[in-house]
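The following exercises introduce a structure step by step. Each task is followed by a worked solution.

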Amino acid sequence: MKRSVLAAAIGLALSAGGAPAQEFERNIMTGGPQGTYIKIGRDIAALGAECGLKLNVVESAGSLENFVGVRNRRNTQFGIVQSDVLEYLKTFEANDPEVQKAVKGVRIMFPLYNEEIHVLARKDISSMKDLAGKKIAVGKKDSGTFLTATLIMDILQVKAGERMDINPDEALPKLLSGEIDAFFYVAGAPASLFTGNAIDKAKFHLVPITEAPLLATYTPSRIEAGTYSFQDQPVDLIAVKAVMMTYDYDIKRNAYHRDSCKTVADFSSLIIGGLDKLKTTGHPKWKTVDLTALPPGWQVGVCVKAGMALDYKPNCKPNAGAASGGAGDENEEYLNLLKQRLQK
């Protein structure tokens with residue numbers, strides 16, 4: 001992939017100025033109003049609410065904006081990001097000072113679930129190669145869908161006739177009206193965009209994505225028959241991991257860093273302690289969460305591991321607890337702590 005695909009996001013990360021001082025808040029950047037990210041964010045916020053900790057769920061364009069937000073946006077302790085975004089940032093980091101600066105301090109919170117790469121298209125488009133010359137919506141430029149669509153089409157050497165940089169919510173009505181031929185949407189199935197809209201199965205379908213060159217970057221997946229009302233047969237495609245990201249706050253630096261580190265530690269403890277509840281009452285994707293599936297090349301945050309300690313108590317109201325200090329940087333420690341916390 002050409003570095004230019006990331007240029008807009010990296011430029012934003014480097015040009016964003018420091019925000020003025022304001023009252024301390026807790027925020028998680030997610031995605032669009034009908035996406036899976038925002039529902040996962042709301043599930044996490046609900047855990048916080050039970051503890052008396054307010055977490056604001058912030059809509060965004062998606063992965064690239066979320067990564068930049070965790071790095072630069074004040075009072076933004078969390079963001080959900082696709083693992084292919086992380087992989088390509090890591091690819092460019094070694095030889096690009098701008099990327100090095102943009103990723104500095106950004107850390108893993110938790111790996112989450114696989115999210116499927118949907119390509120909804122007219123029925124006559126039966127494979128990814130058939131997208132050549134067609135009018136395709138690929139997501140907004142600061143979204144993970146945009147990056148993924150660009151990568152996939154580059155890898156397969158498929159050139160669209162026209163690309164529209166609009167989000168899936170805007171793309172669906174344009175597809176149904178015949179203004180475009182197909183659109184990409186990266187979201188954990190079942191995606192509410194497809195469950196809450198009448199899509200004619202005689203005219204539209206999910207395009208299978210099974211091309212071998214894609215498997216070096218993406219994971220084979222399947223959307224079972226009946227997941228969506230327009231889908232009578234299972235569809236084989238690919239998926240990318242959703243990862244919750246945070247920042248490595250320094251508790252010795254200032255009060256904001258101390259409060260943010262405590263927030264990260266509190267929610268680290270709450271998510272692990274509440275994982276069974278999330279799998280029961282949260283979005284269906286919680287059932288597939290694998291907290292051991294760390295993306296290569298990225299470290300888990302110090303404040304995350306502080307909250308994973310067996311004796312850590314979240315700062316719930318009215319029973320406020322003391323903040324916990326940091327731990328080492330090795331992911332081995334994270335996995336050991338995870339094993340201890342999840343033991344029955």
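A residue is called buried when its relative accessible area is under 20%, exposed when that value is over 50%, and partly exposed in between. The model examined here is a predicted one.

**Exercise 1. Describe the overall make-up of the chain.**

Solution. Begin with the secondary structure: the chain contains twelve helices and ten strands. Next, consider burial: of the 344 residues, 53% are buried. Finally, turn to contacts between residues at least 6 apart in sequence: 80% of these join residues at least 24 apart.

**Exercise 2. Determine whether strand S4 is enclosed or open, and identify the strands with which S4 pairs.**

Solution. Step one concerns burial. Strand S4 covers residues 106-122, and 14 of its 17 residues are buried, so the strand is largely enclosed by the rest of the structure.

Step two concerns the partners.
- Strand S10 (residues 235-247) pairs with S4 in the antiparallel sense over eight bridges. Within this pairing, Pro111 is opposite Val243, and Val106 has Tyr247 as its bridge partner.
- Strand S7 (residues 182-187) is antiparallel to S4, with six bridges.
- Strand S8 (residues 204-206) also runs antiparallel to S4 and is joined to it by three bridges.

Step three looks at a single residue, Leu120. Its bridge partner in S7 is Phe183, while its bridge partner in S8 is Leu206.

**Exercise 3. Establish how many residues of strand S10 are buried, and find further strands that pair with S10.**

Solution. Count the buried residues: twelve of the 13 residues of S10 are buried, and the strand is therefore mostly covered. Then examine the pairings. Strand S3 (residues 78-82) forms four bridges with S10 in the antiparallel sense, and Gln82 is placed opposite Ala242. Strand S9 (residues 219-223) is joined to S10 by five bridges, again antiparallel, and here Pro220 faces Ile238 across the pairing.

**Exercise 4. Classify the ring pair formed by Phe24 and Tyr256, and locate both residues in the chain.**

Solution. A pair of aromatic rings is described by the distance of the centres and the angle of the planes. Two rings pair if their centres lie within 6.5 Å, and planes over 60 degrees apart count as edge-to-face. By this rule there are eleven aromatic pairs. For Phe24 and Tyr256, the centres are 6.1 Å apart and the planes make an angle of 65°, so the pair is edge-to-face.

Now locate the residues. Phe24 belongs to the loop between helix H1 (4-15) and strand S1 (27-29), whereas Tyr256 belongs to helix H9 (residues 255-273); the pair links distant parts of the chain, 232 residues apart.

Then compare accessibility with the cut-offs. Phe24 is partly exposed, because its relative accessible area is 26%. Tyr256 is buried, because its relative accessible area is 14%.

**Exercise 5. Find charged side chains that lie over aromatic rings, and name the residues of a ring cluster.**

Solution. Consider the ring of Tyr256 once more: Arg74 lies over its face, at 4.0 Å from the ring centre. In a further case, Lys90 is over the face of Trp298, at 4.5 Å from the ring centre. As for the cluster, ring pairs connect Phe183, Tyr185, Phe194, Tyr228 and Phe230.

**Exercise 6. Compare the length of helix H9 with the expected span, and describe its N-terminal end.**

Solution. From its first C-alpha to its last, H9 reaches 27 Å with 19 residues, close to the 27 Å expected at 1.5 Å a residue. Concerning burial, 14 of the 19 residues are buried, and the helix is mostly covered. At the N-terminal end, Asn254 acts as the cap: one of its side-chain oxygens is 3.2 Å from the backbone nitrogen of Tyr256.

**Exercise 7. Decide whether His283 and Val302 are buried or exposed, and describe their surroundings.**

Solution. His283 is placed in the loop between helix H10 (275-281) and H11. With a relative accessibility of 9%, His283 counts as buried. Leaving aside residues up to four places away in sequence, His283 touches Thr36, Lys39, Ile40, Asp43, Gly188, Pro190 and Leu278.

Val302 is part of helix H11 (residues 302-308), and at 16% relative accessibility Val302 is likewise buried. The C-alpha atoms of Val302 and Cys261 are separated by 8.5 Å, although the two residues are 41 residues apart along the chain.

Key:
Residues numbered from 1 in each chain as written. Predicted model: local features only at pLDDT ≥ 70, side-chain atom pairs only at ≥ 80, totals over all residues. Heavy atoms only, no water. Phe/Tyr/Trp six-rings, centres within 6.5 Å; stacked < 30°, edge-to-face > 60°. Helix = DSSP H or I, 4+ residues; strand = E, 2+ residues; numbered from the N terminus. Buried < 20%, exposed > 50% of the residue type's maximum accessible area, 1.4 Å probe, protein only. Lys NZ or Arg CZ within 6 Å of the ring centre and 35° of its normal. Pairing = 2+ DSSP bridges. Expected span 1.5 Å × (residues − 1). Polar contact = N/O pair within 3.5 Å; in protein donor to acceptor, adjacent residues only side chain to side chain. Contact = heavy atoms within 4.5 Å.
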